[in-house]
Amino acid sequence: MSQPEIVQSVLGEEDVVTRVHLGGEDELFVTPTRTLVYRAEGLLSDESVDEFSHAAERLSVKEGRRKAKISLDYGLDGSETFSLSAKRLDDALQPVVEGVLAAAGVTDEDGERLVQAFRFSELTFVITDARVVRHIGSAVWDEDYESYRFADVTDLEFESGSVATTVVLTVDGRQERFKIPNEQARLVREKLARALCDYHGVGSLEEFRVQMEKARATAESADTERDNTDFGAGPDPLSANPGELSDEPSNATRSEGDAPAEPSQRTAQTQSVESAPATGAVAEAKAAEAATTQSATESPVTEQSAGNVADAGDLGFEGSGFESAADSEAAGGDGSDTDYAELAAEIESLREVVEAQSEQIRYQQELVEQLIEELRRGR
């Protein structure tokens, strides 16, 4: 259907998105940027076209029994209003709301279309093919609104009540709830569920939930497969070099001609891991043992005098963990027990270091898991 010549002259190159019949020959033409209200020639007025830009900060409606008014507030530039039959209000309001939301950047400019706008007392509930827009207040829309993109929605439920139905929209892990009158609940359910399912390419809410569950399982599987053992710098590796404990690793290949290390060599290897002060103390203890043995060989002494000569306290090693020569001989050993005790002490020290580093790794892994959980929750 062609437009009146006066409308064509005002439109210029701009396309008409929606055309609404207002009664008689009057019509409303909606473009992406403005609304044109055409008034045909009558007994009291000439043919005319009024323009209303969609760049409004506020859109409001006043509805009477026979007439209704749509007002667009432009802030410092004032406001403009046009009237129409109350029976045509819903048909005319839909494309105007769509144009205002697009001009305000609430909806995308790449072809996002309005499915339906609902007005419930002071609640305006707008469904597009990509999101839900909710506004609470006397106005149909102003800058105080909330928008929920279908891309972020993971579930949709409806809780029926005696007077109203609650729409439960799960967005990014949190629930958004708002009530609608039971008289309009069925229509809202159909429009919202269909728009959400079409966006995600499924045929029903059940299929949508299955799709969301699969996506959740895939994300959890990816998190599980991620290498959680990489914690950045982390604690320093053990300072002890296993090579220092033995000149030859346990799994080394030895030729047939190689002979096992002599006991004296094993003792020297064991002593190589000791600290400098401890090594000096052992040397002094060995010297004292030699002196005691020589003295015992040259001149026998009584049991009491021999005990005095071999007293570890007189040598300055009381409580130090080193045995005297007499004590070693009484135990039936040649000093190797002392070497094994020192080696055991060294291994115990290394074990404590390993346990400390294991505890640090466990703590860092807990921090990473908490961060992942918050990121999932999205903190």
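**Exercise 1. Determine whether Tyr145 is buried, partly exposed or exposed in this predicted model, and describe the ring pair to which Tyr145 belongs.**

Solution. Begin with the accessibility: Tyr145 has a relative accessibility of 29%, and since the partly exposed class lies between the 20% limit for buried and the 50% limit for exposed, Tyr145 counts as partly exposed. Next, take the partner ring, that of Trp141, whose centre lies 6.0 Å from the centre of the Tyr145 ring, with the two planes at 35°. An angle under 30 degrees would count as stacked and one over 60 as edge-to-face, so the pair of Trp141 and Tyr145 is tilted. Finally, Trp141 itself has a relative accessibility of 5% and therefore counts as buried.

**Exercise 2. Place Trp141 in its sheet, and state which strands of that sheet stand at the edges.**

Solution. Trp141 lies in β11, where Trp141 stands opposite Leu59. The strand β5, covering residues 58-63, is joined to β11 by two bridges, and the two strands run antiparallel. Extending the view to the whole sheet, four strands follow one another in the order β7-β6-β5-β11, with antiparallel pairing, and the sheet is open. The edges are held by β7 (79-85) and β11 (141-142), each of which has a single partner strand, so that one side of each is left without a neighbour in the sheet. To complete the picture, helix α2, made of residues 89-103, lies across β5, β6 (67-73), β7 and β11, and its direction is at about 170° to that of β5.

**Exercise 3. Work out which parts of the chain the pair of Phe125 and Phe178 ties together, and classify the geometry of the pair.**

Solution. The structure holds five aromatic pairs. In one of them, the rings of Phe125 and Phe178 have centres 5.0 Å apart and planes at 50°, so this pair is tilted. Phe125 belongs to strand β9 (residues 123-128) and Phe178 to strand β15 (residues 174-181), and the pair therefore ties together parts that are 53 residues apart in sequence. As to burial, Phe125 counts as buried at 0% relative accessibility, and Phe178 likewise counts as buried at 5%.

**Exercise 4. Describe the sheet that contains β15, from the strand order to the helix that lies across its strands.**

Solution. The strand order is β13-β14-β15, in an open sheet of three strands with antiparallel pairing. Both β13 (153-160) and β15 stand at the edges with a single partner strand each, so one side of each is left without a neighbour in the sheet. From one strand to the next, the twist averages 20°. Strand β14 (residues 164-171) pairs with β15 over eight bridges in the antiparallel sense, and within this pairing Val167 has Phe178 of β15 as its bridge partner. Helix α3 (residues 182-200) lies across β13, β14 and β15, running at about 165° to β13.

**Exercise 5. Identify where pLDDT stays under 50, and set these stretches against the average for the protein.**

Solution. The protein averages a pLDDT of 78, and 68% of the residues score at least 70. Against this average, pLDDT stays under 50 over residues 266-282, for which the model has 20 contacts beyond four places in sequence. A further such stretch covers residues 295-326, for which the model has 23 contacts beyond four places in sequence. Where pLDDT is low, the predicted coordinates should not be read in detail.

Conventions:
Residues numbered from 1 in each chain as written. Predicted model: local features only at pLDDT ≥ 70, side-chain atom pairs only at ≥ 80, totals over all residues. Heavy atoms only, no water. pLDDT = per-residue confidence, 0-100. Contact = heavy atoms within 4.5 Å. Pairing = 2+ DSSP bridges. Axes fitted to C-alpha atoms, helices over the stretch in contact; angles between N-to-C directions. Phe/Tyr/Trp six-rings, centres within 6.5 Å; stacked < 30°, edge-to-face > 60°. Buried < 20%, exposed > 50% of the residue type's maximum accessible area, 1.4 Å probe, protein only.
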